[in-house]
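These are my notebook entries on one structure. I set down in each what I looked up and what I found.

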Amino acid sequence: MSLSNSQFSTLNFPLIPPGYKQTEVGVIPEDWVVAKIGDLIENQFIFGHLDGNHGELYPRSHEFKSYGVPYVGANDFEAGNVTFTRCKFLSDERASQFRKGVARDGDVLFAHNATVGPVALLKTAYPVVIISTTATYFRCNPAKLRNLYLKGALQAQHFVRQYQAVMAQSTRFQVPITAQRKLSLVIPPLPEQQAIATALSDVDALLAGLDQLITKKRDLKQAVMQQLLTGQTRLPGFCGDWEVKSLSKFCSMKSGAGITSANIDQFSKYPCYGGNGLRGYTTSFTHDGGYALVGRQGALCGNVYGAEGQFFASEHAIVVTASADVDIRWLTSVLGRMNLNQYSESSAQPGLSVSKILKLEIIAPPKKSEQTAIAQILTDMDAELSGLEQRRDKTHALKQAMMQELLTGRTRLVNG
């Protein structure tokens, strides 16, 4: 018995659009295929573990150099590429002992051990790059697979679900190379691979440009803070000598109130802040206005951030209340540059002493108006940074949506 399309719909069977087919990974275009990675690449290796006579054992710390042949791993992945600014190096002689794990320009790297999932394209003028045991390199068969398409496909939801399933069946937080070769990818024809790769690369370039701009703006802010918060540069219209005084002359400090996790949720009215920022929300507040909060305990004690409005400050935070003639935003910036963590006292858990912090000295403008002017400049710079970060996050979300559409064939860039 055959069923009409309307009867299929009544039975809640999804209809397959013309030009598409059902596969084990879902509905994909008819001219696309599902193939195992092992059938699409020329080489895939991490370095081996031969005996000392043949080399290829883990490099020892004393073997690393400040120049030579790069030795890179997952920690050297940055924005989808490999950065050589902080990687280790091996001598030519030591590098020559590696028979495997030797990558070259154009290979795609996949972090498979400890930190699993990040992907990077190796773009380099180095003739040889040694890959550490934290990563695998894939060398595409050019007749079947484009490297830039592979870079995107290794981040697709279909591939992520596969390696997460492998990890769930193992006690070790890694994806073995033998398992990687068996994982499947959705593969379009080469021209469409290239079109998809170009589209994703354009978004990657936009993201990289935003990241560079954010880094530049952050560095600029640090330089401006150094100049304005120390009096090295004075703003127009202000004069008078800056004075060195203890923090106790500018503010008071007191630990927040106790609260249990049972009283913190994600939907109540008032934000609840702890030693490292927002913990959640609660039904009451302890403070109303502008304050600086300092982490009081733990490894992150000394962390400084501002809080405004009605909020609950937990016992893990020190609440800084500015004196009437002090701008709290200026004081928050000053505290943030003081590296207060260095004053933590050793115990079962590191902690800050309020009485000790209040004795620390800072240099300050003679008038609150100059503090406010400095604070406004820094606030404006923070707002610009926040806007750029939001734009970057939205662009990243756009890329994720594009990948889901393009890497499944839902949206076609060439005629199927």
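Entry 1. I began with a single pair of residues and noted that Gly-290 has Glu-308 in S20 as its bridge partner. I bear in mind that the model is a predicted one.

Entry 2. I then looked up the strands around this pair. Strand S19 covers residues 287-295 and strand S20 covers residues 304-313. I found that S19 and S20 pair in the antiparallel sense, over eight bridges. I also recorded a further pair, in which Gly-289 stands opposite Gly-309 in S20.

Entry 3. Which helix packs on the sheet? I found that this is helix H7, made of residues 328-336. Helix H7 touches S16, S19, S20 and strand S21, the last of which spans 317-322. The direction of H7 makes about 5 degrees with that of S19.

Entry 4. I returned to S19 to examine its pairing with S21. These strands, S19 and S21, also pair in the antiparallel sense, here over four bridges. In S21, Ala-317 is the residue that stands opposite Gly-295.

Entry 5. Next I looked up the sheet as a whole. In what order do the six strands lie? I read the order as S16-S21-S19-S20-S17-S18, in an open sheet with mixed pairing. At the edges I found strand S16 (251-255) and strand S18 (277-282), each of which pairs on one side only. On average, neighbouring strands of this sheet are turned by 40 degrees against each other, with direction ignored.

Entry 6. I turned to two helices, H6 (residues 190-228) and H9 (residues 368-406). Their axes come within 10 Å and cross at roughly 165 degrees. Are H6 and H9 roughly parallel or roughly antiparallel to each other? Angles over 145 degrees count as roughly antiparallel, and therefore I entered H6 and H9 as roughly antiparallel to each other. I recorded the crossing of H6 and H9 as left-handed. Sorted by class, the contact of H6 with H9 has 22 nonpolar, two polar and eleven charged residues.

Entry 7. Last, I looked up one residue of helix H6, namely Thr-215. How is Thr-215 classed at 42% relative accessibility? Partly exposed lies between buried, under 20%, and exposed, over 50%, so Thr-215 at 42% counts as partly exposed. I also looked up the separation of Thr-215 from Pro-127, which lies 88 residues apart from Thr-215 along the chain. The C-alpha atoms of Thr-215 and Pro-127 are separated by 30 Å.

Notes:
Residues numbered from 1 in each chain as written. Predicted model: local features only at pLDDT ≥ 70, side-chain atom pairs only at ≥ 80, totals over all residues. Heavy atoms only, no water. Pairing = 2+ DSSP bridges. Axes fitted to C-alpha atoms, helices over the stretch in contact; angles between N-to-C directions. Contact = heavy atoms within 4.5 Å. Parallel < 35°, antiparallel > 145°, perpendicular 65-115°, else oblique. Left-handed = near helix turned anticlockwise from the far one by under 90°. Nonpolar A, V, L, I, M, F, W, Y, C, P; charged D, E, K, R; others polar. Buried < 20%, exposed > 50% of the residue type's maximum accessible area, 1.4 Å probe, protein only.
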